[in-house]
Amino acid sequence: MNNIHEDSVDFQSNSQEEKQQPSVQSVLSRGSQEEIKFTKGQAGQSHDECSTDLEDDIFTSSRRLNLSPAEVYLKACKQTGAVPVSYILRHLDDAILDLNYYGLGPLGAKALAILLKNLSDNKLGLKGAEVISKMLSDNRKLKSINLSENDFSDAAAKCLAEALKNDFAVKELDLSYNRICDAGGEDLGVMLAENIGIEVLNLSWNHLLIRGNAALIAGLKVNTTLKQLQLSNSGFGRPVVQLLAEVLQKNDTLALLDLSINCVDDEAVRLLCQGLATNETLEVLKLSRNPITKIGALTLLRTVKNNMKSALEEIDISSVLVCETFVELLEETRVTRPALRLQYYILPSIAKNLLALGIFKKFFEEQNKSIMDFFQSLDKEGTMKVSTSAFRKAVKEANIPLDQRQLGWLVRKFDKNCTATIVYSVVQTFV
């Protein structure tokens, strides 16, 4: 059975518990699990500029107490100091809330925003997208919006993209698990090119394919604000990777890139590394469950090791079965990049063998002896060489805690040319 190193990965099933799906008419009355973020105020700021984190506490308590939308709204009004609007209470189940001339003010808007926290998994469709787009056309407060699992097609994506071209308040947009294809991807790519506020874009589990993904990368090329781009299971493959590599060579804002569950193979990794070789800002790269082999894994790690200005701290290739050479190269890389974390698969037998050298070194350290002293005691004629058979016998007699497979691996490591002789002066270079 394969092991995942260094951090365990939980490949969750895509199936979810059956939920009661609300209609479009109830979208504006649903609670949320996604944060709507506001800028924290500083001393001396007006209410228009100042906000708190009350929405998190209210949402948590509303879930725990199973409060109705009306109760959530009244609770939000109480804690924000806003005056409840009776019109909102009467029309919570309507598809549209027309709040013109109601004078909500900043506190009233905040109370309403808490109520609207999450719009995900509501099967809004095109009509819902149109409603939300109208709201975004005059948005000044909403910072994060989750629209995943809403049955959005290309038409809905186009509608939202148009609204977001000039909406610089929204920082985080989640459109994952929808039906957005190439045309919708092209519209969102244009939005990405023109928007100067968005920082997080999640389009995972859509159907963007070549044209849609290429348009997004073209938008990313001129975008100056995006920090996280999630394209898991979006049909991303080799034809688009070359474009992405060119963007990564110059991009100085993107910190997280998720290309999990796509068509990125070893050749695509090689192309991607052309961008990673000079990139200085990407911190997290997710490539799990792609058709990458140990060859691609080695190419990726060598690139990261050689780019001394690389900011990469986390790489997820947890579905790739790596070899001993990869793990050894990782240890070398960590000499200069101690914070680098990789997730990868390795056979238990290989993992156990790789422990052999550490066990061998630790044994002599605990006895305050050196490995060179051990070899020299076997080299009676001072030739700087020891036969592998003599080495095996001495290890067993010294009761060094290595099993037969580990000992065999250690011999092969010390005698790489299979000459039945260990030149122990060379051993010094890697112990």
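**Reading strands and salt bridges in a predicted model**

Modeller: Let's open with one residue: Arg-179 has a relative accessible area of 40%, so we call Arg-179 partly exposed. Keep in mind that this is a predicted model.

Biologist: Got it. Which side chain does Arg-179 meet in a salt bridge?

Modeller: General idea to begin with: oppositely charged side chains can pair when their charged atoms come close. Here, Arg-179 pairs with Asp-151, at 2.7 Å from N to O. Asp-151 sits in the loop between strand 2 (144–146) and helix 6 (154–164), while Arg-179 is in the loop between strand 3 (172–174) and helix 7 (182–194), so the salt bridge ties together parts that are 28 residues apart in sequence.

Biologist: And is Asp-151 buried, partly exposed or exposed?

Modeller: Partly exposed, because its relative accessible area is 36%.

Biologist: How many salt bridges turn up in the whole structure?

Modeller: A search finds 12. Another one is between Arg-211 and Asp-182, with 3.8 Å from N to O. Arg-211 belongs to helix 8 (residues 209–222) and Asp-182 to helix 7, so this pair connects parts 29 residues apart in sequence.

Biologist: How do I read the accessibility of that pair? Is Asp-182 buried or exposed?

Modeller: The cut-off for buried is under 20% relative accessible area. Asp-182 comes in at 16%, so Asp-182 counts as buried. Arg-211, at 44%, is partly exposed.

Biologist: Now the strands. Why is strand 8 described as largely enclosed?

Modeller: Count its buried residues. Strand 8 covers residues 314–321, and 6 of its 8 residues are buried, so the rest of the structure largely encloses this strand.

Biologist: What should I picture for the side chains along a strand?

Modeller: In a regular strand they alternate between the two faces of the sheet.

Biologist: Which strand is joined to strand 8 by 5 bridges?

Modeller: Strand 9, residues 341–346, and the two run parallel. One place to look is Ile-317, whose bridge partner in strand 9 is Tyr-344. Strand 8 also pairs with strand 7 (residues 284–286), again in the parallel sense, over 3 bridges. There, Lys-286 stands opposite Asp-316 of strand 8.

Biologist: What connects these strands along the chain?

Modeller: Helices. Strand 7, helix 11 (residues 294–306) and strand 8 form a right-handed β-α-β unit. Strand 8, helix 12 (residues 324–336) and strand 9 form a right-handed β-α-β unit as well.

Biologist: Which salt bridge involves Glu-314?

Modeller: Glu-314 pairs with Arg-341, and their closest N and O atoms are 3.1 Å apart. That links distant parts of the chain, with Glu-314 in strand 8 and Arg-341 in strand 9, 27 residues apart. Glu-314 has 18% relative accessibility, so Glu-314 counts as buried, while Arg-341 is partly exposed at 34%. Elsewhere, shared partners join Asp-182, Glu-186 and Arg-211 into one salt-bridge network.

Biologist: Zooming out, how many helices and strands are there?

Modeller: The protein has 18 helices and 11 strands. Of its 431 residues, 48% count as buried. Its accessible surface is about 21,400 Å², and 50% of that belongs to carbon and sulfur atoms. Finally, take the contacts between residues at least 6 apart in sequence: 79% of them join residues at least 24 apart.

Terms used. Residues numbered from 1 in each chain as written. Predicted model: local features only at pLDDT ≥ 70, side-chain atom pairs only at ≥ 80, totals over all residues. Heavy atoms only, no water. Buried < 20%, exposed > 50% of the residue type's maximum accessible area, 1.4 Å probe, protein only. Helix = DSSP H or I, 4+ residues; strand = E, 2+ residues; numbered from the N terminus. Pairing = 2+ DSSP bridges. Right-handed = clockwise from strand over helix to strand, strands pointing away. Salt bridge = Lys/Arg side-chain N within 4 Å of Asp/Glu carboxyl O. Contact = heavy atoms within 4.5 Å. Areas by Shrake-Rupley, 256 points an atom, 1.4 Å probe, with all protein chains shown as cover.
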